Amino acid sequence: MQHGPAVRRRKLGDELRTLRTRAGLTSGEAARLVGWHQSKVSRIETGTSGAKPADVRLLLDAYGVPDPQLRELMLALAGSDGGGERDHWWHAYRGILPPAYRDFISLESQATAMRTLETTVVPGLLQTPAYARAVTGASVEGVDEGQLDRLVEVRLARQDVLRGTPPLELSAVLDEAVLRREVGGPEVMADQLRRLTEAARLPQVRLQVLPFAAGAHIGVTGPFVILSFSSTSDLDVVVLDHLTSSLYLERKEDLQAYTEAFNALRAQALSPEDTLHHLAALADGA
């Protein structure tokens, strides 16, 4: 269990080591190709020290890696400020976003799939502006109106991953408490329920409600997110949010445990079709 930046260094190092081995190079040979000392390559591969995006580009070129998606992911793990197809828009909000949140947005922007259990609020990728404002205002202390506006902008900008080419595939299980909690008042909640209904019909979104009637379930321990990447499953990560930080789980045992938990929750939840009926019934009563 580690904080985001440490996980990114480890994952970047592991992947670079794999690419070097695949290229048939020793760490010493790789170092000579890019004009470094062998110890620098070793420190990057073990995650002892970070790697600048320019360093990663050198290594990817030396290893003959042409795949643009994999290169972009490696640069994102290195904290690239470069543009590319998906511009790193969140850097404009550095002054108000804590590093852990920026780190999560960076990984989210590069992920191809997200599986999430939410037990308290609607997932950020599916929130309406008014709902996002109500949630953010309640959860962030001492924020003024201008800062609140910008934090809501960030929440809404994140939703562009669902409209990308290709879009992020989102599979979300929502505890019924999420739908029953009247965030922002009746009108805000009614709009949010309509937004969920629209999202549930999108081909890239699979939405399921876990009804109160399901009783106790494995998700009572709290919400979680599993981010997956197309280039390699070794980069998949579980994210757990806490009040003051986010924690990342990267071990295969952890990923397997949370994957199995998510599958169990999906089996207990209403089907996507029944979820649409459930949302419609709640909206009619809102």
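Visitor: What makes a charge count as sitting over a ring?

Guide: The NZ atom of Lys or the CZ atom of Arg must be within 6 Å of the ring centre and within 35 degrees of the ring normal. In this predicted model, Lys40 lies over the face of Trp36, at 4.2 Å from the ring centre.

Visitor: Why is the pair of Trp89 and Tyr93 called edge-to-face?

Guide: The count comes to four aromatic pairs. Trp89 and Tyr93 form one of them, with 6.2 Å centre to centre and 80 degrees between the planes. Ring centres must lie within 6.5 Å, and planes over 60 degrees apart count as edge-to-face, so both conditions are met. Trp89, Trp90 and Tyr93 also form one aromatic cluster.

Visitor: Which of Trp89 and Tyr93 is buried, and which is partly exposed?

Guide: Buried means under 20% relative accessible area. Tyr93 has 13% and therefore counts as buried. Trp89 has 24% and is therefore partly exposed, since exposed would require over 50%.

Visitor: What makes Phe224 and Tyr258 an edge-to-face pair?

Guide: Their ring centres are 4.9 Å apart and their planes meet at 75 degrees, so this pair also satisfies the limits of 6.5 Å and 60 degrees. Phe224 belongs to strand 4 (residues 224-228) and Tyr258 to helix 11 (residues 252-268), so the pair ties together parts that are 34 residues apart in sequence. Phe224, at 5% relative accessibility, counts as buried, whereas Tyr258, at 23%, is partly exposed.

Visitor: How do you know that strand 4 is mostly covered?

Guide: Five of its five residues are buried. Phe224, Ile226 and Ser228 are on one side, Val225 and Leu227 are on the other, and both faces are covered.

Visitor: Why is Ser228 called buried?

Guide: Ser228 has a relative accessible area of 11%, which is under 20%, so the term applies. Leaving aside residues up to four places away in sequence, Ser228 touches Ala111, Thr112, Ala113, Arg115 and Asp236.

Visitor: How do you know that strand 4 pairs with strand 1 and with strand 5?

Guide: Pairing requires at least two bridges. Strand 1 (residues 113-118) and strand 4 have five bridges and pair in the antiparallel sense; Thr116 stands opposite Val225 there. Strand 4 and strand 5 (residues 237-241) are joined by three bridges and also run antiparallel, with Val238 as the bridge partner of Ile226. Both pairings therefore meet the requirement.

Visitor: How do you know that the span of helix 10 agrees with what is expected?

Guide: Helix 10 (residues 186-200) has 15 residues, and at 1.5 Å a residue it should span 21 Å. Its end C-alpha atoms are 21 Å apart, which agrees.

Visitor: What do the buried residues of helix 10 pack against?

Guide: The buried residues include Val188, Met189, Leu193 and Leu196. The elements that they pack against are helix 7 (129-139), strand 2 (169-175), helix 9 (176-180), strand 3 (205-210) and helix 12 (272-285).

Visitor: Which residues touch the most other members of the largest nonpolar core?

Guide: Of its 58 residues, these are Met74, Leu179, Leu207 and Leu227. The largest share of this core, six residues, comes from helix 10. Among the residues that Leu179 touches are Met189, Leu193 and Leu196. A second, separate core of 12 residues includes Val173, Leu210, Val238 and Ala269. In soluble globular proteins, nonpolar side chains tend to be buried together.

Note on methods:
Residues numbered from 1 in each chain as written. Predicted model: local features only at pLDDT ≥ 70, side-chain atom pairs only at ≥ 80, totals over all residues. Heavy atoms only, no water. Phe/Tyr/Trp six-rings, centres within 6.5 Å; stacked < 30°, edge-to-face > 60°. Buried < 20%, exposed > 50% of the residue type's maximum accessible area, 1.4 Å probe, protein only. Helix = DSSP H or I, 4+ residues; strand = E, 2+ residues; numbered from the N terminus. Expected span 1.5 Å × (residues − 1). Contact = heavy atoms within 4.5 Å. Core = buried A, V, L, I, M, F, W, Y, C linked by side-chain atoms within 4.5 Å.
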